[in-house]
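Me: Please take a close look at the interior of this structure. I would like one connected account, with each term defined where it is used.

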Amino acid sequence: MYARTSQGFFSCFLIRGWSLWAACCGLLWTSGCQKQDTPSATGAGLGKAAGVVKVYTHRHYPTDKALFARFEKETGIRVEVVQNAADALIKRIELQGKNTDADVLITVDAGRLVRAQQKGLLQPIRSKVLEAQIPAHLRDPKGHWFGLTRRARVIVYAKDRVKAADLPTYESLAEARWKGKILIRSSNNIYNQSLMASIIAHHGKEKALAWAKGVVTNMARNPKGSDRGQMKAIAGGEGDIAVVNTYYIGLMQTSKSEKDRKVASMLGVIFPNQGDRGAHVNISGAGVVRHARNKSHAVQFIEYLSSPAAQQMFAEANHEYPVHPSVQPSKLVSSWGDFRADTIHLFQLGDKNSQAVEVFDQAGWR
Ligand code: FE
């Protein structure tokens with residue numbers, strides 16, 4: 001277990017990006033978004049393979065497929081992908097034990113990386129390249145996992161029905177004035193669990209429970225659907241306010257579908273808690289599996305994903321915030337301006353996860 005840090009460790013950082021219109025999960029690269037569990041090679045460089053790296057990933061964005069193909073082309077190392085939800089992948093690695101075929105685990109949430117670390121499924125990696133390319137507050141001090149992209153979980157609202165000034169914080173979502181107005185996905189979603197973990201870390205479990213009860217009372221409908229589904233429901237008049245990850249807003253705004261772009265145009269974006277702790281930020285990241293058969297390829301692969309060229313792709317194609325200090329967010333994301341991000345240590349998102357699940361249960365948040 002690594003040392004819990006002082007504020008200095010997770011230094012306060014400002015992320016460029018104001019009135020966000022970014023989004024995530026774009027189009028799923030193979031077929032399903034989160035449930036698919038089928039191995040596939042990306043195809044490039046197969047003839048001259050200098051080896052293999054087997055990647056278990058919860059990410060499901062077209063960008064990644066293109067990135068992996070580039071890696072194959074440049075290194076000759078074949079990338080084999082198993083895509084599924086992080087919990088299923090972690091379970092699988094656990095069951096496989098020493099015989100696992102996984103070399104790299106990629107998740108869309110720091111909490112799941114911490115969980116894998118706590119289960120002893122990841123190994124510590126020292127890499128000067130990774131340490132240079134990824135700021136210290138976005139990776140495990142002992143090298144069990146490394147952040148590859150950042151995403152903020154923000155509030156979106158119907159511009160014709162809500163004033164941004166009335167929703168300055170996550171806490172304000174629990175105010176009685178929003179009864180029947182709030183749209184948010186279910187409590188088994190890891191983005192919500194990490195948001196709740198951050199609220200518990202800041203306010204304690206009791207206040208977090210009171211907040212969760214307030215939000216449940218204010219829900220426009222039982223939690224269901226994706227982040228993009230919540231935005232569409234605002235446009236459809238089911239509610240006025242939703243909580244979503246930034247890249248999903250960007251993907252809606254730049255969608256090929258005119259309908260999606262219209263939805264995005266109706267929404268305003270709020271980075272919450274700019275007057276105090278800042279907006280909740282999570283990472284998508286990777287770790288080398290403890291019993292990896294191809295450790296050096298695994299390290300090389302993660303180094304590649306944190307390189308400026310790869311970071312640029314994460315930023316431009318998926319509207320995520322890069323972790324590499326010299327890479328800028330996409331033009332769209334940059335146009336939103338700077339915002340203050342919560343400086344809570346990412347470890348807390350995993351450490352408080354089980355408490356978060358308990359709070360959701362007690363609050364009746366499905
Ligand atoms: Fe996502």
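Reply: A cavity is a set of points, on a 1 Å grid over the protein atoms alone, where a 1.4 Å probe fits but cannot get out; its lining residues have an atom within 4 Å of a point. Grid points are joined across faces, edges and corners, and the volume is the space filled by probe spheres set on the points. The model is predicted, with pLDDT of at least 70 needed for local features and 80 or more for side-chain atom pairs, while totals for chains, interfaces and linings use all residues. Numbering starts from 1 along each chain as its sequence is written, and side-chain values use heavy atoms, with hydrogens and water left out.

The structure contains 1 cavity of 30 Å³ or more, and the largest cavity encloses about 60 Å³. Its lining consists of Val108, Arg151, Ala152, Arg153, Tyr191, Asn245, His280 and Asn282. Strand S6 (residues 146–158) contributes most to this lining, with 3 residues; helices (H or I, at least four residues) and strands (E, at least two) are DSSP runs numbered from the N terminus. By class, 3 lining residues are nonpolar, 3 polar and 2 charged, where Ala, Val, Leu, Ile, Met, Phe, Trp, Tyr, Cys and Pro count as nonpolar, Asp, Glu, Lys and Arg as charged, and the others as polar.

Aromatic packing comes next. Rings of Phe, Tyr and Trp (its six-membered ring) pair if their centres lie within 6.5 Å, with planes under 30 degrees apart called stacked, over 60 edge-to-face and the rest tilted. The whole structure has 9 such pairs. In one of them, phenylalanine 71 and phenylalanine 301 meet edge-to-face, at 5.2 Å between centres and 85 degrees between planes. Phenylalanine 71 belongs to helix H1 (residues 62–75) and phenylalanine 301 to helix H10 (residues 295–305), so their contact ties together parts 230 residues apart in sequence. Both phenylalanines are buried, that is, under 20% relative accessible area with a 1.4 Å probe and protein chains only. The ring centres of tryptophan 211 and tryptophan 365 are 6.2 Å apart with planes at 40 degrees, so this pair is tilted. It too links distant parts of the chain, with tryptophan 211 in helix H6 (residues 205–218) and tryptophan 365 in the segment after helix H14 (353–363), 154 residues apart. Tryptophan 211 is buried at 9% relative accessible area, and tryptophan 365 is buried at 3%.

Ring pairs also join Phe68, Phe71, Phe301 and Tyr304 into a cluster. On the H10 side, Phe301 and Tyr304 are among the buried residues, which include Ile302 and Leu305. H10 has 8 of its 11 residues buried and is therefore largely enclosed by the rest of the structure.

H1 is also part of a right-handed β-α-β unit with S3 and S4: with the strands pointing away from the viewer, the path from the first strand over the helix to the second runs clockwise. Strand S3 (residues 51–57) runs parallel to S4, joined by 7 bridges; pairing needs at least two DSSP bridges. Valine 55 has valine 81 of S4 as its bridge partner. In S4 (residues 77–83), 6 of the 7 residues are buried, so this strand is largely enclosed as well.

Finally, the backbone. Most residues other than glycine have a negative phi. Asparagine 273 has a positive phi of about 60 degrees, lies in the loop between strand S9 (267–270) and strand S10 (281–288), and is buried at 1% relative accessibility.

Technical notes. Buried means under 20% relative accessible area, exposed over 50%, partly exposed in between (1.4 Å probe, protein chains only). On a 1 Å grid over the protein atoms alone, a cavity is a set of points where a 1.4 Å probe fits but cannot get out, and a pocket is an open set with protein on both sides within 12 Å along at least five of seven lines; lining residues have an atom within 4 Å of a point.
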